[in-house]
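Trainee: Before I describe a structure, I should like to learn how each term is justified. May we examine one together?

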Amino acid sequence: MNETIQHYLTDFKQLQNIKKDDWFSKHRQSAFNIFQESGFPSTRKENWKYTDVKPIAKNLFSNIANSNVVINDDEIDAILFKEQKCIELVFVNGTYSEKYSNIRNLPNEIIIKNMANALVNDKDFLKKHLTQYVNYDSSSFTALNTAFIQDGAYINVPSGLILERPINITYISKNNSNVFATHPRNLIFMGENSKAAIIENYIGIDDANYFTNTVTETSLSQGASLKHYKIQQESSNAFHIGNLNTSQNKDSRFESHSISIGGALVRNDINAQLNEEGAEIIMNGLYMTDNAQHIDNHTRVDHFKPYTQSNQNYRGVLNGKSRGVFNGKVVVHPQAQKIEAYQNNANLLLSDDAEIDTKPELEIYADDVKCNHGATIGQLDNDMLFYLRSRAVDEQTARSLLTYAFVDEIINNISFQSIKNKLEHLIIGRLPDSSLIREYV
Amino acid sequence: MLHIKDLYTAVDNKKILKGLNLSVNVGEVHAIMGPNGSGKSTLANILAGKEGYNITQGSVSYENENLLELSPEERARKGVFLAFQYPVEIPGVNNIYLLKAALNAIRKHQGEPELDAMEFMNLVKGKMKLVQMNEDLLSRSVNEGFSGGEKKRNEIFQMAVLEPKLAILDETDSGLDIDALKIVAEGVNSLRNKNRAFILVTHYQRLLNYIKPDHVHVLSKGKIIKSGGPELALELEEKGYDWIN
């Protein structure tokens with residue numbers, strides 16, 4: 001057994017001794033066995049061809065939660081979307097913070113609580129649902145997460161409830177005495193015809209050194225509608241592996257917006273299962289990389305039934321010596337006639353040393369479907385540049401402005417104004433020569 | 001104001017302008033007419049500073065400066081304006097913010113105080129009436145989803161706000177119906193004054209029914225082969241370009 005696996009095994013044994021959720025122990029054990037057998041994926045695996053996770057494997061992160069850090073009020077205020085009046089679930093270094101969370105004044109019957117609490121107090125429901133919407137057999141990171149679940153969000157929206165306030169789940173990571181890994185696990189269950197918006201915000205403070213290995217399972221009952229926003233702004237030294245799984249029933253609608261701008265080495269996976277007729281998923285994504293960052297976005301959509309729809313639009317802006325990956329796969333199963341599936345990935349390369357690997361894939365086993373996919377890699381449009389310059393805008397500003405316009409198309413889809421504004425602000429700050437364009441936006 | 005002398009240009013080794021001469025004085029309106037492929041749009045683009053043209057011979061001076069050495073943005077700040085034949089759509093860049101920034105960049109360059117949002121909006125409201133611009137179009141992205149006619153009107157609207165010294169209109173009449181053409185022409189006419197010059201690049205004489213030029217030039221195979229007064233345009237319309245060749 002190599003040193004890394006040995007290290008995780010030691011932590012795992014320690015965790016098994018201190019956990020109070022005995023009913024879940026057998027899941028942990030079988031998940032750990034899978035991780036132990038397969039280890040971290042190598043680039044020989046097709047799914048990991050462009051992303052080498054050796055830097056994660058060679059760090060011996062502490063996997064036992066220790067939130068013994070102080071987050072001050074200024075830091076919190078800068079992180080939360082105060083104007084939006086969200087329902088707040090805040091986690092510090094992987095552990096629920098009652099102090100910063102706000103789950104008061106909830107509508108009747110809705111359940112919003114942290115996973116550590118739910119594992120003990122909601123085990124009847126969790127027994128039926130936790131690990132039901134994700135397959136840890138095929139992903140060693142998901143297996144590792146399942147073995148090490150310590151906290152996260154459990155949200156259960158009852159049938160017919162339309163939740164007006166968004167639920168904001170914030171994962172803050174800040175330097176601790178040792179390098180640490182967190183394994184957040186979120187379970188979101190949407191009852192029939194319910195409606196909600198959920199934000200997962202991953203943020204690092206002070207260039208902290210850590211590894212976030214997060215898994216979210218969502219289940220949408222008939223007619224349910226969920227808007228899901230993932231904002232990944234981990235610290236520049238952080239590793240982030242995120243896995244979002246959706247399981248959708250008849251006429252449900254999932255909207256995913258994934259904004260990924262932080263981290264040193266990042267992988268975002270979305271696995272969408274359209275299980276019944278009329279299920280629809282929209283996936284918008286934006287990744288912005290600079291310096292030596294590496295951000296990989298993988299999506300997979302399974303159209304199992306007729307009249308299902310998927311529509312993906314991912315955009316990337318790559319600068320410095322950074323690298324981006326987009327690999328989107330759509331599988332149309334044999335009985336899934338009359339489906340629609342669209343996939344688009346557009347990239348802007350701002351430097352000669354930046355790199356993007358893009359691979360949209362369609363696998364179609366039905367014959368009466370509407371599908372298309374496309375990918376572009378390019379520089380800024382010369383006609384647009386000339387038009388702006390002919391209107392007295394200097395070249396540098398024009399370039400920055402067009403880059404902003406390129407990414408703003410994704411941000412524009414966000415329906416909460418104050419969250420959108422904050423993200424726009426964040427994005428502008430990441431653009432080259434951003435100070436030049438403030439009067440235009 | 002503008003002196004083009006013996007100008008030769010090529011794109012990808014294909015010669016386009018072949019010894020073009022033209023002088024424009026302040027206050028004058030010049031029409032440049034010619035068949036497709038004669039080099040009309042090339043001339044307009046070169047004056048505005050578009051890249052990709054190789055200037056192999058000749059000179060262009062604008063207000064006693066070598067125009068060809070200036071970047072497009074410097075030309076704009078010094079009062080050169082190009083109304084595009086095909087205005088590009090720029091999703092995500094707001095029409096009105098762009099115009100405000102453009103105006104203030106020009107004002108700053110010319111030593112005038114920049115306008116604040118209120119002053120700017122007052123100015124804009126007046127100019128919109130001039131070209132009957134729909135106010136909704138202002139807050140949209142530059143030209144995005146505009147009809148052909150709306151795009152052309154937006155160009156004239158921008159021109160009205162920016163008040164250039166030298167305005168070059170590249171086929172502004174093409175694709176316009178007669179009502180839109182009249183609106184565009186009225187916009188141009190209202191901006192005519194003794195401090196401003198216009199170069200109207202057009203294929204058809206139609207526009208010149210509404211904007212009366214001081215001078216008409218016929219461009220063919222990269223050079224001006226005939227110049228005259230407004231009557232030349234009528235003659236061309238009647239006899240066609242073959243007559244001149």
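**From contacts to classes**

Mentor: Let us begin with one residue of this predicted model. Leaving out residues up to four places away in sequence, Gln335(A) touches Lys305(A), Pro306(A) and Ala366(A).

Trainee: What makes these residues count as touching Gln335(A)?

Mentor: Two residues are in contact if their C-beta atoms lie within 7 Å. Lys305(A), Pro306(A) and Ala366(A) are therefore listed as contacts of Gln335(A) because they satisfy that cut-off.

Trainee: Why is Gln335(A) called exposed?

Mentor: Gln335(A) has 11 C-beta neighbours inside 10 Å. A residue is exposed if that count is 12 or fewer, so Gln335(A) is classed as exposed.

Trainee: Where in chain A does Gln335(A) lie?

Mentor: Gln335(A) is in the loop between strand 17 (323-332) and strand 18 (340-349) of chain A. Between Gln335(A) and Asp368(A), the separation is 33 residues in sequence and 9.9 Å in space, C-alpha to C-alpha.

Trainee: Which residues touch the most other members of the largest nonpolar core?

Mentor: They are Ala102(B), Ile168(B) and Leu200(B), in a core of 187 residues. Helix 9 (residues 395-411) of chain A gives the most to this core, with 9 residues. At least three residues of the core come from each of domain 1 (3-276) and domain 2 (382-441) of chain A.

Trainee: How do you know that Ile168(B) is buried?

Mentor: A nonpolar core is a set of buried residues of certain types, Ile among them. Ile168(B) is a member of the core, so Ile168(B) is buried. Not counting neighbours within four places in sequence, its contacts include Ala44(B), Phe81(B) and Val201(B).

Trainee: What joins domain 1 and domain 2 of chain A in contact?

Mentor: The C-alpha centres of domain 1 and domain 2 of chain A lie 32 Å apart. The contact takes 9 residues from domain 1 of chain A and 9 residues from domain 2 of chain A. On the side of domain 1, strand 10 (225-233) and strand 12 (253-260) of chain A each give two or more residues. That side of domain 1 has 5 nonpolar, 2 polar and 2 charged residues.

Trainee: How many residues of chain B are in contact with chain A?

Mentor: In chain B, 21 residues are in contact with 19 residues of chain A. Helix 3 of chain B gives the most to the chain B side, with 6 residues. By class, that side has 15 nonpolar, 3 polar and 3 charged residues.

Technical notes: Residues are numbered from 1 along each chain as its sequence is written. Chains are lettered from A and ligands numbered from 1 in the order in which they are written. This is a predicted model: local features need pLDDT of at least 70, side-chain atom pairs count only at pLDDT 80 or more; totals for chains, interfaces and linings use all residues. A nonpolar core is a set of buried Ala, Val, Leu, Ile, Met, Phe, Trp, Tyr and Cys residues joined through C-beta atoms within 7 Å. A residue is buried if 20 or more other C-beta atoms lie within 10 Å of its own, exposed if 12 or fewer, and partly exposed in between; C-beta atoms are placed from the backbone. Helices (H or I, at least four residues) and strands (E, at least two) are DSSP runs, numbered from the N terminus. Domain bounds come from an automatic or database domain assignment. Ala, Val, Leu, Ile, Met, Phe, Trp, Tyr, Cys and Pro count as nonpolar, Asp, Glu, Lys and Arg as charged, and the others, Gly among them, as polar.
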